[in-house]
Every structure is written in C-alpha cells, then in structure tokens.
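Open the model in your viewer and turn on a surface. Have the selection box ready.

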Amino acid sequence: LATLLQTLGLPFFGCQLPLVQGVSFAGVATMGAILGSQGGGGLPAVLGAVMAASLIGFLITPVFSRITKFFPPLVTGIVITTIGLTLMPVAARWVMGGNSASPEFGSVANIGLAALTFAIVLLLSKLGSATISRLSILLAMVAGTLIAWALGMTDFSKVTEGPIFAFPTPFHFGMPTFHIAAILSMCIVIMVTLVETSADILAVGEIIDTKVDSKRLGNGLRADMASSILAPIFGSFTQSAF
C-alpha cells in the first residue's frame with residue numbers, strides 16, 4: 001500500500017516515480033537500543049516512537065522539501081552509496097546461509113549458490129533484451145531458487161501449512177506506548193529517512209529524465225511519513241523509498 005501511494009499518488013501524496021517503499025535500515029540500531037533499555041517499554045514503545053516521530057516528520061516535510069538545492073548529484077550519490085555499503089554485511093550473511101547457528105553456515109554449497117545466482121544476474125543483464133536486463137535480478141533469484149530446489153537445498157514443507165491469503169492483525173503486538181526518550185531517538189532516524197528518500201527521489205528523477213521540484217519532493221516525503229505513521233498499526237516500521 002505504501003508503494004502504491006508513492007508511485008500512483010493521491011493529491012498532495014506520492015512523487016509518482018518508479019520507487020518501492022520498504023522498511024528503512026536506518027532505524028535498526030535505535031530500535032534495538034529501545035528494546036534493550038530498562039523500562040524502555042519493549043516493542044509497543046518502538047511502534048509508538050515510530051508513529052510519533054513520523055508525525056513530526058510529516059509536519060516538517062514542507063520545510064524539508066525546499067532543500068533540493070543542497071542535493072547536487074554528488075550528495076545524492078554519496079547518500080545512496082552509503083546506504084548500499086551499510087547493507088553489505090546483511091548480504092554477506094545471506095551469502096553464507098543466513099543462520100550463523102546452522103552447521104551449513106559458510107559452506108561451499110551456500111557460497112557457490114550465491115555466486116552462481118550473481119553470475120546469472122550479470123549474464124541476463126548483458127546478454128538479454130532490454131526487458132530481460134531490467135528483470136535480471138528477479139529472474140536470477142527465481143533461477144537460483146530452482147537450482148537450489150534441484151540440489152535439495154530448499155524446504156517448502158511449511159508453505160502449505162499457512163493460509164493462502166492472510167491479513168496482518170492490527171496491533172498484534174499490543175497498543176503502542178509513547179516514551180519521550182524513545183520518540184526523540186526515533187526523530188533522528190526519521191531525519192535520516194527523509195534524507196534517504198529525498199536522495200532516492202532525486203536520483204530516480206535524474207535516471208528517467210523527469211524534473212523533481214520541491215512540490216514533487218514534498219509529495220513524496222509526505223507519502224513516506226504517512227505510511228510510516230500507519231505502518232506500526234500492522235506491525236511494521238519506518239517506510240523509506242528504494
């Protein structure tokens with residue numbers, strides 16, 4: 001729903017650019033600190049902090065959207081590169097197998113499967129048509145999964161145990177609680193999220209040769225923050241454009 005709001009848009013919401021909304025990596029450390037603090041309030045406090053801080057972010061988007069002149073390509077590129085670098089440890093863990101407690105963690109089979117999937121990405125992106133090139137990552141993931149299935153490295157036994165369609169239970173983890181310290185900490189995360197989304201919107205605008213002015217950027221940031229306010233209702237966190 002957040003992605004549809006961002007890409008299709010409503011009046012005053014959504015930049016109408018080809019972006020995907022997802023949970024921002026920037027908040028992981030802060031959320032962990034809130035969970036680990038004594039009297040921190042647990043997960044309901046995290047969800048409450050996300051809602052309150054996102055509301056503050058929503059209110060300051062008109063001001064934040066006017067700073068596009070301070071985002072030349074160099075700044076935009078640095079922000080996006082930094083996001084990618086911070087995610088590299090996650091990718092490395094997945095390459096090793098994902099579960100460090102597993103005896104197969106770091107096995108030749110796991111690393112080899114990741115390398116083969118990566119090779120398929122490169123092959124499809126260079127040798128295929130324009131459409132196949134754009135879908136190279138998705139197609140390679142499908143191919144890698146099929147290869148893993150053929151090698152007996154997958155287990156789909158749990159898939160059929162759950163319902164085919166399911167709706168997330170609102171407030172499944174309890175009603176959000178609001179703690180000043182947690183909210184202030186999450187406000188820093190929201191500022192980082194606004195910078196992330198601004199950089200991504202400006203970069204995608206450059207890629208598809210579409211002008212992104214302060215009004216369009218503001219619409220994108222409002223969609224970001226509105227989604228972040230509502231996400232904790234369904235057990236999710238701060239939304240950011242990718």
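This tour visits two pockets in turn. Keep in mind that the model is predicted.

**Stop one: the largest pocket**

Select Ala91, Trp94, Val95, Thr117 and Met141. Among the 25 lining residues of the largest pocket, these are the closest to its centre. The space here comes to about 1300 Å³.

Next, colour three helices: H4 (73-96), H5 (108-127) and H7 (136-150). Each of them supplies at least two residues of this lining. Which helix gives the most to the lining of the largest pocket? Pick H5, which contributes seven residues.

Now colour the lining by residue class. You will find 18 nonpolar residues and seven polar ones. No charged residue lines the largest pocket.

**Stop two: the second largest pocket**

Move on to the second largest pocket, with a volume of about 310 Å³. Start with Leu1, Ala2 and Leu5, which are among its lining residues. Add Gln21, then Phe167 and Pro168, also part of the lining. Finish the selection with Ala226, Ser227, Leu230, Ala231, Phe234 and Gln239, and the lining is complete.

Show helix H1 (2-7) and helix H9 (214-230) as cartoons. Both provide at least two residues of the lining of the second largest pocket. What does H9 give to this lining? H9 gives three residues, the most to the lining of the second largest pocket.

Apply the class colours again. Here the lining splits into nine nonpolar and three polar residues, with no charged ones.

Terms used. Residues are numbered from 1 along each chain as its sequence is written. This is a predicted model: local features need pLDDT of at least 70, side-chain atom pairs count only at pLDDT 80 or more; totals for chains, interfaces and linings use all residues. Side-chain values use heavy atoms; hydrogens and water are left out. On a 1 Å grid over the protein atoms alone, a cavity is a set of points where a 1.4 Å probe fits but cannot get out, and a pocket is an open set with protein on both sides within 12 Å along at least five of seven lines; lining residues have an atom within 4 Å of a point. Grid points are joined across faces, edges and corners, and a volume is the space filled by probe spheres set on the points. Helices (H or I, at least four residues) and strands (E, at least two) are DSSP runs, numbered from the N terminus. Ala, Val, Leu, Ile, Met, Phe, Trp, Tyr, Cys and Pro count as nonpolar, Asp, Glu, Lys and Arg as charged, and the others, Gly among them, as polar.
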